[in-house]
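Visitor: I would like to learn how to read a model like this one. Could you walk me through it, one feature at a time?

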Amino acid sequence: MGITSALVLFAVIWFLVFLVVIPIRLETQGDVGEVEPGTHAGAPANPNLKKKAWITTGISLIIWIIITAVILSGSCLLYTSDAADDMQ
């Protein structure tokens, strides 16, 4: 695996984890009871994005290390089928 592949893999994992982490412990403006004029009651009152980004980075790093170790160890190889060659 090259450095570009490793970075792309980390970015994909990071964004997937981030989309899972965003709604956790989310308090909406409607829940708090302080709806700003012109906004929806379901809008977040305090999204805590910086904290969630750090949590996402930690979880993503652990997942990335595991997936990278499996890829580099070669224990999970995808083999092509020779069935098409056998038909000829």
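**Reading a helix, a pocket and a loop**

Guide: Gladly! Keep in mind that this model is predicted. Let's begin with helix α3, residues 49–73: its 25 residues reach 35 Å from the first C-alpha to the last, close to the 36 Å expected at 1.5 Å a residue.

Visitor: Which residues of α3 are buried?

Guide: Burial is read from relative accessible area, with under 20% counting as buried. In α3, Lys52, Thr56, Ser60 and Thr68 are buried. Part of what covers the buried residues of α3 is α1, residues 3–21.

Visitor: And what comes just after α3?

Guide: There you meet glycine 74, with a positive phi of about 80°.

Visitor: Let's turn to pockets. What is the volume of the largest pocket?

Guide: About 250 Å³. Next, look at who lines the pocket: the residues include Val21, Ile24, Arg25, Glu27 and Val32, and also Lys51, Lys52 and Ile55. Helix α3 gives the most to this lining, with three residues. Lys52 thus appears twice in our tour, as a buried residue of α3 and as part of the pocket lining.

Visitor: How do the lining residues divide by character?

Guide: Five are nonpolar, two polar and four charged.

Visitor: One last feature, the loop between α1 and α2. Why does threonine 28 count as buried?

Guide: Threonine 28, which lies in that loop, counts as buried because its relative accessible area is 15%, and the cut-off is under 20%. Leaving aside residues up to four places away in sequence, threonine 28 touches Ala41, Gly42, Ala43, Pro44 and Ala45. Ala45 also lines the largest pocket.

How values were computed. Residues numbered from 1 in each chain as written. Predicted model: local features only at pLDDT ≥ 70, side-chain atom pairs only at ≥ 80, totals over all residues. Heavy atoms only, no water. Helix = DSSP H or I, 4+ residues; strand = E, 2+ residues; numbered from the N terminus. Expected span 1.5 Å × (residues − 1). Buried < 20%, exposed > 50% of the residue type's maximum accessible area, 1.4 Å probe, protein only. Contact = heavy atoms within 4.5 Å. 1 Å grid on protein atoms, 1.4 Å probe; cavity = no way out; pocket = protein on both sides within 12 Å on 5 of 7 lines; lining within 4 Å. Points joined across faces, edges and corners; volume = space filled by probe spheres on them. Nonpolar A, V, L, I, M, F, W, Y, C, P; charged D, E, K, R; others polar.
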